[in-house]
Amino acid sequence: MRAFDWVIYAAALGFILLVVFSLVPEAEAPAPPPPSIIAEEIGPLLPDPSPLDELVVVQTGPPQNGVGTAFAINSRGDWLTARHVVDGCSKVSLEVAPGNYVPVARVSLDEGHDLALLSTGRSPNPVRLDLTSPMFLGSEGYLVGFPQGQPGELASKLVGRSRLVTRGLREADMPILAWAEVGRTNGLTGTLGGISGGPVFGKDGAVRGVIVAESPRRGRVYTTAPQSVDAFLTTMGVPREAGPSDAFRIRNYGAASDTARRRLQVVKVMCEVGA
């Protein structure tokens, strides 16, 4: 065989090997996450509150029987939820197992923000709070609770600040954060009613705020600003403890949310009126 033929065969073999080895890692690589949440923490810092922040107006009415979500912040039985979940309830309880409810002994409301503190006496596994670290536009947020009274969760990204204005039975004007929904689990569709009071977890597993409202038309969910939660707990003199936490990712946030509920870090709140 001529030397020229050997050169051609060697070049062809080299090309085939190059294609094979360049494709193997790509074939085994997992699919990339949605582009909307890839750029976490590369956006600018969350700006300071502004008079031009979006207004979210909510009409409040008389209290009704309903469900919400709460999460433990220490092991002595202190839980955070949204004020509107328990405001006006004559009896509040937490579901710690199917059909098993623990009565709430004391409800403390934040008059300036949509926050409430529930006291029971024991909470085995508190969440880990992070209420002071800087926040970046585009940061991942995972909202966990009991939408429609059933376990459910959402993936979202931080898009800015807003102001929650309530009218009717209770009037208030408070700073909140706006999150754009980018995914749901467990076949969840429709309203998120029942998730109010639940935590928004960062990807490191630390809680950054409390869920207080939704805007289905815009695909937005709103949470309290971390500073509001920090001020409320400080005023109430409530100790904080860091319990077990798991990282949240777009590929595992359903499992991480289930773990938080199974640990009783996140529980369902039952409100009864006139009981």
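Q: What makes strand 2 and strand 15 a pair?
A: The two share six bridges, in the antiparallel sense. The cut-off is at least two bridges between strands, so they count as paired. This is a predicted model, by the way. One of the bridges puts V67 opposite M270 in strand 15.

Q: How do you know that strand 2 also pairs with strand 3?
A: Two bridges join strand 2 to strand 3 (residues 78–81), and the strands run antiparallel. Pairing takes at least two bridges, so the pair qualifies. F71 has L80 as its bridge partner in strand 3, and A72 stands opposite W79.

Q: What sits in the hairpin of strand 2 and strand 3?
A: Five residues lie between the strands, and G77 in this hairpin takes a positive phi near 100°.

Q: Which sheet has strand 2 between strand 15 and strand 3 in its order?
A: An open sheet of seven strands, ordered 5-4-15-2-3-7-6 and paired antiparallel. From one strand to the next, the twist averages 35°.

Q: What makes strand 5 and strand 6 edge strands?
A: Strand 5 (100–103) and strand 6 (106–109) each pair on one side only.

Q: How do you know that helix 3 packs on the sheet?
A: Helix 3 (residues 226–236) touches strand 3, strand 6 and strand 7 (116–119), where a contact means heavy atoms within 4.5 Å. The direction of helix 3 makes about 45° with that of strand 7.

Q: Why is strand 2 called largely enclosed?
A: Five of its seven residues are buried, so the rest of the structure largely encloses strand 2. A residue earns that word with under 20% relative accessible area.

Q: Why does T81 count as buried?
A: T81 has 0% relative accessibility. Buried means under 20%, so the label fits. T81 lies in strand 3.

Q: What does T81 touch, leaving out residues up to four places away in sequence?
A: The contacts of T81 include T69, A70, V86, D114, L115, A116, S196 and V269. As for L117, it sits 36 residues from T81 along the chain, with 6.5 Å between the two C-alpha atoms.

Q: What makes helix 4 mostly covered?
A: Helix 4 (residues 253–262) has seven buried residues out of 10, with under 20% relative accessible area as the cut-off. The buried ones are Y253, G254, A256, S257, T259, A260 and R261. These pack against strand 9 (140–145), strand 10, strand 11 (172–184), strand 12 (199–201) and strand 15 (266–272). Just after helix 4, L264 takes a positive phi of about 65°.

Q: How do you know where empty space is left?
A: You roll a probe the size of a water molecule over the atoms. Here the largest pocket comes out at a volume of about 800 Å³.

Q: What makes up the lining of the largest pocket?
A: There are 33 lining residues, with V58, T60, H84, V85 and S196 nearest the centre. Having an atom within 4 Å of a grid point is what makes a residue part of the lining. Two or more residues apiece come from strand 1 (54–60), strand 2 (66–72), helix 2 (83–86), strand 10 (152–168) and strand 13 (206–215). Strand 13 gives the largest share, four residues.

Q: How does the lining of the largest pocket split by class, and what counts as polar?
A: The lining has 15 nonpolar, 13 polar and five charged residues. Gly goes in with the polar ones.

Conventions:
Residues are numbered from 1 along each chain as its sequence is written. This is a predicted model: local features need pLDDT of at least 70, side-chain atom pairs count only at pLDDT 80 or more; totals for chains, interfaces and linings use all residues. Side-chain values use heavy atoms; hydrogens and water are left out. On a 1 Å grid over the protein atoms alone, a cavity is a set of points where a 1.4 Å probe fits but cannot get out, and a pocket is an open set with protein on both sides within 12 Å along at least five of seven lines; lining residues have an atom within 4 Å of a point. Grid points are joined across faces, edges and corners, and a volume is the space filled by probe spheres set on the points. Axes are lines fitted to C-alpha atoms, for helices over the stretch in contact, and angles run from 0 to 180 degrees between N-to-C directions. Buried means under 20% relative accessible area, exposed over 50%, partly exposed in between (1.4 Å probe, protein chains only).
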